[in-house]
Structures are given as structure tokens and as C-alpha cells.
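Trainee: I have just opened this entry and would like a guided tour. May I put some short questions to you as we go?
Mentor: Please do.

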Amino acid sequence: MSEQSRLAAVHSYGLLDAARPVVLDDLTRLAARVFDTPMSTVTLIDRDRQWFAGATGMAGNEDPRSVSFCAHLVDHPRPLIVEDARADDRFRSYPNVVGAPFIRFYAGVPLISDDGYVLGSVCVIDREPRRIGDHEVAMLGDLAAQAYGHLAAFRDQIRLTALDRELSRLTRRERDLIATVSHELRTPVATMQGYLEMLAEQEELAPYRRLIEPIRRNGDRLVRMVDHLLAGTRPDDTPPRAERLVDLAEAARGAASACETLAVTRGVTVTVTIRTDQVYVVGESPALVQAVEHLIRNAILFSPPGSAVRVGLDGAEVEVSDDGAGIPDEELPYVFERFYRGRFAEEQAVPGMGLGLAIAWRIVSAHGGRLAIASGGPGHGTLARITLPAAGPIG
């Protein structure tokens, strides 16, 4: 492994030139107590220095690499035991042997990352010569393993923080982009629709109404698409805009009615069964209708011609079931993610942007409810269930 890669690994823990973590100081204090030495360190070996990420009994935070006992472990990753540095040709002339802190005894084990890089060592140091056995060396190895566990946690935290910043940046960029595109689309389309309505009222243009109607219909489709985008980018915790009693049965019927044209076009039958009348929830009626409508539209789009989509209300639960394409087990965890489209939707070019379930989930969550999706797998249909806190019957 190259020294450049090893140094990159050392720097990835974010401990160089940083305040020493308390847990690493505590670990060196424990090591010094167990081995009855005045000094102990958790050392990281940089390009030209050694940095004490944890230390007990040491003056300062770093030393030159040229006088580092620990640096020897980089090229020889095994325990280094020096019983008397004055009698060892490698170290007898080191300033920290000849002078303060007057190192005589040194015992260190390598600090090795999961990738196999020698980051430094965990060591104990004494001012008097001494010996230790294999049992003590094994104990020092256990302390090194604990030290690396802490280092790995520090690095994971750095990575999570960086990932969180990047996700926040991407989220802001996505919202800004969608808001801009939505505005640039909605304004001219709304103007076009206004002119089309004016033209449709002109008697002399009656022969051309068959041409105007498709234009108006496609304009409506564009507006719905823009509204879809905007709804899909609302924060997850956006509360209902209005808090009043909503008749859940009426909301279910309204959602089914809004899907009639799509159902006829796709050759699918939609049936509504109300098992409990006069069930009310507190919230925003248009939003709840929209949530159920998304579920019904999804069921219609993924059902073959001649099949049926069933909408049922029982208490404060709304169920939408179909016998259509179904959802593979591996795709179920992702169905509420924005812009997620499963394999069937992509292969069969099912209309949509992958926002319907995400919007429904956000609306239901904002009303204190739960939206669950279940499927028997490909070709075995899908069941969507909305469960809301009931406000009780009225009248």
C-alpha cells in the first residue's frame, strides 16, 4: 500500500490538529494505569510528525516523525517492545531518550484500519527499563482495538455530516429548480387556457371547437402536472392548511369520481363500498381527496383493461385494491420515495412521474395517519390502506 494512500486514511479521521477526544485520553489513562507507566499515547503517524490523538503524561500534542518510536510500526506492523532505549542502536541517540521525557521503556502495538493501513500505534512508555510478557502485549492489542473502534466512529460521523450537508444542498437545489420550472410552465399555460376559453365562447368559431378542445385538455394536463410537482416537493411535515371536520365517505366518493374519465379510458371499473357512514376526521378535505385519488389513479394505471379497482371505507380506514401488476418485494421499501418508478412502470411506460404515492404519504402523515402498501408480488395486485384518527360520527 502506498504512503500517499496511508496518509489519506490517517487524515480521514479528522483528528490531526484537532482537540483530543476525551475518550482517547481516557483510554490512554487506563493503559497507563494497567501497565503502571507514567506515559501512554494513541498516536497517528503523519507525513513528517506523530500526533497524539490521545495522551497521558506527554508534553505537547506532537513530535517530529524522525524521533518517533511509533513510526517504526508503519513499515513493520507488529508489536514493538523496547526494554531499554539506551541499549538499542535504533533509539539511543533520540533527543527524547537523551533528554526529556527520558524514554527508556516503550511498548507499542500498531493501530490498523479496516483497510489494512497502519495509522499509528497505542503505546505505553516508562522512564525506567522494564520487561513485559506476551499476556501484557495481548492486553495492549485489545486497547488498540478499542482505540480503532473510536476512530472509526469519528470518521463515520464526519462522513454522515458531509452526507447530510450534501443532501440538504441537493434538496434545496431540487426545490428551487422545480419551483422555477413550475412557475415558468404554469404562467404561460394559464394564459393560454384563458384565451382558449374566450375563443370557445365565440359563436363564429363553433366549427373549430373540436380543435380547441384537445388544446384545452392538454393545457389542463400540464397544469395538473405542475401542481403534482409542487405538491411532491412540500416538506414531509407540512401540516394541513385547514382544520375542519371532513366526511371521509364523501372524500372517498369524490376521489373515485375524479378518476372516472381515466378509468373509462383505460377500460377499468371502479367500485366504491362504504361500510360505515358518517365517519369524520379533522383536516383538509381537498388534500384528503387528493391522497385517495392518487391511490385510485395508481391502481387504474397498473390494472389491465377489463379489471376492477375496489375502493372501500370501513371506519376511519380507506382501502384501494386492484388485481393489476403488483409490486415486487424488493421495490416495496421505495414506493413512497419521490420520483421513484418501479421496473414495470419503466418497461410498460406507465404515465406518471413517480410522485403520486409520495404525495399521498405526505398528506396522510400530515393528518396524523398512516399509509401502507402491500402486494402479493408481480401480477398479484396491490392493496393500499389509509388509516386516520377518527373524529367520530356526527348527526
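Trainee: Is α11 enclosed or open to the outside, and why?
Mentor: Eight of the 11 residues of α11 are buried, so this helix is largely enclosed by the rest of the structure. Buried means under 20% relative accessible area, exposed means over 50%, and partly exposed lies in between, with a 1.4 Å probe and protein chains only. Helices (H or I, at least four residues) and strands (E, at least two) are DSSP runs, numbered from the N terminus.

Trainee: Which residues of α11 are buried?
Mentor: They are Gly356, Leu357, Ala358, Ile359, Ala360, Arg362, Ile363 and Val364. After α11 comes Gly368, with a positive phi near 75°.

Trainee: Before we go on, what kind of model is this, and how are residues numbered?
Mentor: This is a predicted model, in which local features need pLDDT of at least 70 and side-chain atom pairs count only at pLDDT 80 or more, while totals for chains, interfaces and linings use all residues. Residues are numbered from 1 along each chain as its sequence is written, and side-chain values use heavy atoms, with hydrogens and water left out.

Trainee: How many helices and strands does the chain have?
Mentor: There are 11 helices and 13 strands in the chain. Of its 395 residues, 43% are buried. Among contacts (heavy atoms within 4.5 Å) with a separation of 6 or more, 65% are between residues 24 or more positions apart.

Trainee: What about the largest nonpolar core? Which residues have the most contacts inside it?
Mentor: That core has 42 residues, and Leu295, Ile296, Ile300 and Ile386 have the most contacts inside it. A nonpolar core is a set of buried Ala, Val, Leu, Ile, Met, Phe, Trp, Tyr and Cys residues joined through side-chain atoms within 4.5 Å.

Trainee: Which elements give two or more residues to this core?
Mentor: They are α7 (248–258), α8 (260–266), α9 (285–301), β10 (308–314), β11 (317–322), α11 (356–366), β12 (370–375) and β13 (382–387). The most comes from α9, with 10 residues.

Trainee: And what does Leu295 touch?
Mentor: Beyond its neighbours within four places in sequence, Leu295 is in contact with Val320, Leu357, Ala360, Leu371, Ala384 and Ile386. There is also a second, separate core of 30 residues, which includes Trp51, Leu143, Ala144 and Tyr148.

Trainee: Two of those contacts, Val320 and Ala384, caught my eye. Which strands do they belong to?
Mentor: Val320 has Ala384 as its bridge partner in β13. Strands β11 and β13 pair in the antiparallel sense over six bridges, where pairing requires that DSSP finds at least two bridges between two strands.

Trainee: How does β10 fit in?
Mentor: Strand β10 pairs with β11, again antiparallel, over six bridges, and Leu313 has Val318 as its partner in β11. The two strands form a hairpin with two residues between them, and Gly315 in the turn has a positive phi of about 65°.

Trainee: Back to α9: is Glu293, which sits there, buried or exposed?
Mentor: Glu293 counts as buried, at 19% relative accessibility. Apart from neighbours within four places in sequence, Glu293 is in contact with Ala255, Ala258 and Cys259. Cys259 is buried too, with a relative accessible area of 0%.

Trainee: Since you mention a cysteine, how many disulfides are there?
Mentor: The count is zero, taking a disulfide as a pair of cysteine sulfur atoms within 2.5 Å. The sulfur of Cys123 is 4.0 Å from the closest cysteine sulfur, in Cys70, which is too far for a bond. Cys123 is buried, at 1% relative accessibility.

Trainee: What surrounds Cys123?
Mentor: Cys123, in β6, is the bridge partner of Gly108. Strand β5 (residues 105–112) and β6 run antiparallel and are joined by eight bridges. Their hairpin has five residues between the strands, and Gly116 there takes a positive phi near 90°.

Trainee: Is β6 mostly covered or uncovered?
Mentor: Strand β6 (residues 118–126) is mostly covered, with nine of its nine residues buried. Strand β1 (residues 39–45) also pairs with β6, antiparallel, over six bridges, and Ser40 stands opposite Val124 in β6.
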